[in-house]
Structure formats: structure tokens, C-alpha cells
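The questions below go through one protein chain, from its strands to its helices and ring pairs. Each answer ends on the value or name asked for.

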Amino acid sequence: MPRLFTGLEIPAEIGQTLSSLRGGLPGARWIDPENYHVTLRFIGDIDGVAAREIAHTLERINRKPFEVSLQGLSSFGGKKPRAVVASVVPSRPLMELQAELERLMQRFGLDPEGRKFIPHVTLARLRDASNQDVADYLSVRGYFPTRSFMASRFVLFSSRASTGGGPYVIEDSYALSA
């Protein structure tokens, strides 16, 4: 059963910039640059019939390309940090696309996403990283010049059971061209 989610791909040149921020954080498991993405909607473990129906449903989305900007690093998890992420500016077109995906998946019968959508690119998953180590890392590497790209499509990704961070496979893509 594939584990599915929708997302935006990160262009290779921006992936290279982000990958240069790797290292120097104890307990970090760094994501390979070819697996960087912005998750729009996690779908979950779906059987083949439902996966095909979802892929067909996503074709209904009719939106224009939009600019995506990455700006600085932060961490998720509060007092027990669990990830280092590149922050994505929550632009109106990005938020509207994500909200439409959420509505479609709920109409399809999936439960609402449990967490508020905070657009980001996961760079590392953390295991036993201290608050101080994460704060030190972010103070040294947390700033980088804003990098932007045009999102001209979103994709349906699949992943197989692994220890997080890929490998991800593009199952289908959907042009943004309204």
C-alpha cells in the first residue's frame, strides 16, 4: 500500500543551497536534497483503487502558477525539537492551493488534517537533539538569503515504509496553468 501525499518540488539549485546548511547538529538525520519538498496534504496509506481515484480527483484543481519563497531556518517541536526546517513564506496562492487540497481530501472521505498548515521544507529529522544544540545551530546557520521559485505544478508523491526522509516517488503531476 503506498503512502501518499501532495507537495511542491524544490528546484535543484535551491536544493543545493539548502544542502549546504547540512552538518554541525548532533542527533540530526539529514534529508537528501533530491527528497526536499513542501508537503501540501498528507493522504496516508491508501489502496491502489483509492489512489487512482485520488489521482483523478486532483485533476480538478485549476490554479495559476505562483511564486514560492524560502526564508530562513527554524525548528519544529518546541522543547523537544524534532525537525530543522526551511521556512516557506505562506503566500495567498500557496495557502489557497493547500486549502483546496484539504477540502478535496475531506470530500473524498479522509479525516481533516490534524495540524495547522505551516509551509516548510524539512532538512533534518532530530533524535535526542538538545534545545541548546538546535539553538546554537540556528544561530550560526539559520539565516540565508531568501530563495524563490515559480511553482508551475504540484505533484502526488508516494513513499514506502522507511525511517523518514524518502525516497519519494512522483506518482503524478498536475500543472498550475489556470
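Q: How many bridges join β1 to strand β8, and which way do the two run?
A: Strands here are DSSP runs (E, at least two residues), and helices are runs of H or I with at least four residues, both numbered from the N terminus. Two strands pair if DSSP finds at least two bridges between them. Strand β8 covers residues 153-159 and runs antiparallel to β1, and the bridges that join them number five.

Q: What kind of model is this, and which pLDDT do side-chain atom pairs need?
A: Residues are numbered from 1 along each chain as its sequence is written, and side-chain values use heavy atoms, with hydrogens and water left out. The model is predicted: totals for chains, interfaces and linings use all residues, local features need pLDDT of at least 70, and side-chain atom pairs count only at pLDDT 80 or more.

Q: Which residue is the bridge partner of G7 in β3?
A: Strand β3 spans residues 37-45 and is joined to β1 by seven bridges, the two running antiparallel. On this side of β1, L8 stands opposite V38. In β8, G7 has V155 as its bridge partner. In β3, the partner of G7 is T39.

Q: Why do β3 and β9 each have one side without a neighbour in the sheet?
A: The sheet is open and has four strands with antiparallel pairing, in the order β3-β1-β8-β9. Because β3 and β9 stand at the edges, each has a single partner strand.

Q: By how many degrees are neighbouring strands of this sheet turned against each other on average?
A: Axes are lines fitted to C-alpha atoms, for helices over the stretch in contact, and angles between N-to-C directions run from 0 to 180 degrees. For neighbouring strands of this four-strand sheet, with direction ignored, the average turn is 25 degrees.

Q: How many of the seven residues of β1 are buried?
A: Buried means under 20% relative accessible area, exposed over 50%, and partly exposed in between (1.4 Å probe, protein chains only). Strand β1 takes in residues 3-9 and is mostly covered. The buried residues number five.

Q: At what angle to β3 does α3 run?
A: Helix α3 covers residues 92-107. This helix lies across β1, β3 and β8. Its angle to β3 is about 5 degrees.

Q: Is R92 buried or exposed?
A: R92 is in helix α3. A polar contact (N or O atoms within 3.5 Å; within protein, one able to donate a hydrogen and the other to accept it, residues adjacent in sequence counting only if both atoms are side-chain atoms) of 2.8 Å joins its side chain to that of E96. With a relative accessible area of 65%, R92 is exposed.

Q: Which residues is E102 in contact with, leaving aside neighbours within four places in sequence?
A: E102 is also in α3 and counts as buried, at 11% relative accessibility. Its side chain has a polar contact of 2.5 Å with that of Q106. Contact means heavy atoms within 4.5 Å, and beyond those four places E102 is in contact with R41, D111, P112 and E113.

Q: Which residues does T57 touch, not counting those up to four places away in sequence?
A: T57 is in helix α2, residues 48-58. Its relative accessibility is 8%, so T57 counts as buried. The residues touched are L104 and F108.

Q: What is the arc covered by the buried residues of α1?
A: Helix α1 spans residues 12-19, and I14, G15, L18 and S19 are buried there. They are on the same side of α1 because the arc, taken from the directions from the helix axis to the C-beta atoms, is only 140 degrees.

Q: Which strands do the buried residues of α1 pack against?
A: The buried residues of α1 are I14, G15, L18 and S19. They pack against β4 (66-76), β5 (83-88), β6 (120-126) and β7 (147-151).

Q: What are the centre distance and plane angle of the F5 and Y168 pair?
A: Rings of Phe, Tyr and Trp (its six-membered ring) pair if their centres lie within 6.5 Å; planes under 30 degrees apart count as stacked, over 60 as edge-to-face and the rest as tilted. The whole structure holds five aromatic pairs. F5 and Y168 form an edge-to-face pair, at 5.3 Å and 85 degrees.
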